[in-house]
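Got your viewer open? Load the model, turn on the cartoon, and keep the selection box handy.

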Amino acid sequence: MAPSAEERTTIHEMFLSTLDPKTISFRSRVLPPNAVWMENSKLKSLEICHPQERNIFNRIFGGFLMRKAYELGWATACSFGGSRPFVVAVDDIMFQKPVEVGSLLFLSSQVCFTQNNYIQVRVHSEVASLQEKEHTTTNVFHFTFMSEKEVPLVFPKTYGESMLYLDGQRHFNSMSGPATVRKDYLWNPRNTTFVEN
């Protein structure tokens with residue numbers, strides 16, 4: 001979806017804030033304090049889809065794909081935020097294309113929006129066709145994580161990254177409300193519950 005007038009203004013202001021005042025060139029860019037280029041927030045992984053992960057239709061089980069996407073998204077948020085993040089929202093998941101047994105599954109994760117201690121992560125999933133030597137998108141996952149501390153702002157460098165930033169901002173704003181983790185609760189990863197301290 002094309003950016004709204006308000007979104008275009010946001011991207012333009014972000015672009016202007018990264019211009020180096022010492023030069024007159026648009027090529028010379030500097031980051032504002034407490035910011036990271038979006039291109040430096042990526043992680044990637046590769047999975048070989050084995051038969052034990054198949055469903056009753058002899059294709060790879062969707063839960064396996066979701067788990068792998070979540071794990072990579074969590075690792076991205078963890079390395080970006082510098083602490084163990086908590087997932088606060090998972091966007092709707094649409095399976096665009098089935099994944100066949102034996103496929104090479106490529107997962108690319110990237111921080112696309114941040115605000116205070118929230119990290120919006122996009123995970124792109126694609127399979128490689130060995131015959132045609134092309135990659136086909138199977139899923140795009142959106143996860144919202146909350147870090148224990150404030151995280152740096154993420155800044156796009158290119159127009160494509162700017163569109164990812166706006167998409168991440170839209171997904172973040174579609175959350176029903178902010179999440180909080182009380183300091184007197186401990187996270188117990190074994191049974192995925194909070195235990196009162």
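Here is a tour that goes from the whole chain to the sheet, the helices, the core and a few single residues.

**Before you click**

This is a predicted model, so to speak: local features need pLDDT of at least 70 and side-chain atom pairs count only at pLDDT 80 or more, while totals for chains, interfaces and linings use all residues. Residues are numbered from 1 along each chain as its sequence is written, and side-chain values use heavy atoms, with hydrogens and water left out.

**Stop 1: the whole chain**

Colour by secondary structure and you'll see three helices and nine strands. These are DSSP runs numbered from the N terminus, with helices being H or I of at least four residues and strands E of at least two. Going along the sequence, the pattern reads α-β-β-α-β-β-β-β-β-α-β-β.

Now switch on the surface. The protein chain exposes about 11900 Å², and carbon and sulfur atoms supply 54% of it; the areas come from the Shrake-Rupley method with a 1.4 Å probe, and for residues only the protein chains shown count as cover. Of the 197 residues, 39% count as buried. Buried means under 20% relative accessible area, exposed means over 50%, and partly exposed is in between (1.4 Å probe, protein chains only).

How do the contacts spread along the sequence? Among contacts between residues at least 6 apart, 68% join residues at least 24 apart, where a contact means heavy atoms within 4.5 Å.

**Stop 2: the open sheet**

Next, select strands 2 to 6. These five strands form an open sheet in the order 2-4-5-6-3, with antiparallel pairing. Two strands pair if DSSP finds at least two bridges between them. As a reminder, strands of a sheet pair through backbone hydrogen bonds, either parallel or antiparallel.

Which strands stand at the edges? Strand 2 (42-48) and strand 3 (86-90) do, each with a single partner strand, so one side of each has no neighbour in the sheet. Look along the sheet: neighbouring strands are turned by 30° against each other on average, direction ignored.

Now walk through some of the pairs:

- Strand 4 and strand 5 run antiparallel and are joined by eleven bridges; pick Q110 and you'll find its bridge partner R122 in strand 5.
- Strand 5 and strand 6 pair in the antiparallel sense over twelve bridges, and V127 has T136 of strand 6 as its bridge partner.
- Strand 3 and strand 6 are antiparallel too, over four bridges, with F86 opposite M146 in strand 6.

Before leaving, zoom in on K133. The hairpin of strand 5 and strand 6 has four residues between the strands, and K133 takes a positive phi near 60° there.

**Stop 3: helices across the sheet**

Show helix 2 together with the sheet. Helix 2 lies across strands 2, 3, 4, 5 and 6, running at about 45° to strand 4. Helix 3 lies across strand 4, strand 5 and strand 6, at about 75° to strand 4. For these angles, axes are lines fitted to C-alpha atoms, for helices over the stretch in contact, and values run from 0 to 180 degrees between N-to-C directions.

While you're on helix 2, click A75. A75 has 29% relative accessibility and counts as partly exposed. Draw a distance to P85, ten residues apart along the chain: the C-alpha atoms are separated by 8.8 Å.

**Stop 4: the core**

Select V99, L105, I119, V121, V123 and Y165, which touch the most other members of the 36-residue largest nonpolar core. Helix 2 (62-81) and helix 3 (159-173) are among the elements that give two or more residues to this core, and the largest share, six residues, comes from helix 2. A nonpolar core here is a set of buried Ala, Val, Leu, Ile, Met, Phe, Trp, Tyr and Cys residues joined through side-chain atoms within 4.5 Å.

Centre on V123. Leaving out residues up to four places away in sequence, V123 touches A69, G73, L107, S108, S109, N139, V140, F141 and F143.

**Stop 5: cysteines and two loops**

Pick C49, buried at 1% relative accessibility, and C112, also buried, with a relative accessible area of 1%. How many disulfides does the structure hold? Zero, counting pairs of cysteine sulfur atoms within 2.5 Å.

Finish in the loops. N34 sits between helix 1 and strand 1, with a positive phi near 55°. N58, in the loop between strand 2 and helix 2, has a positive phi near 65° and is partly exposed, with a relative accessible area of 48%.
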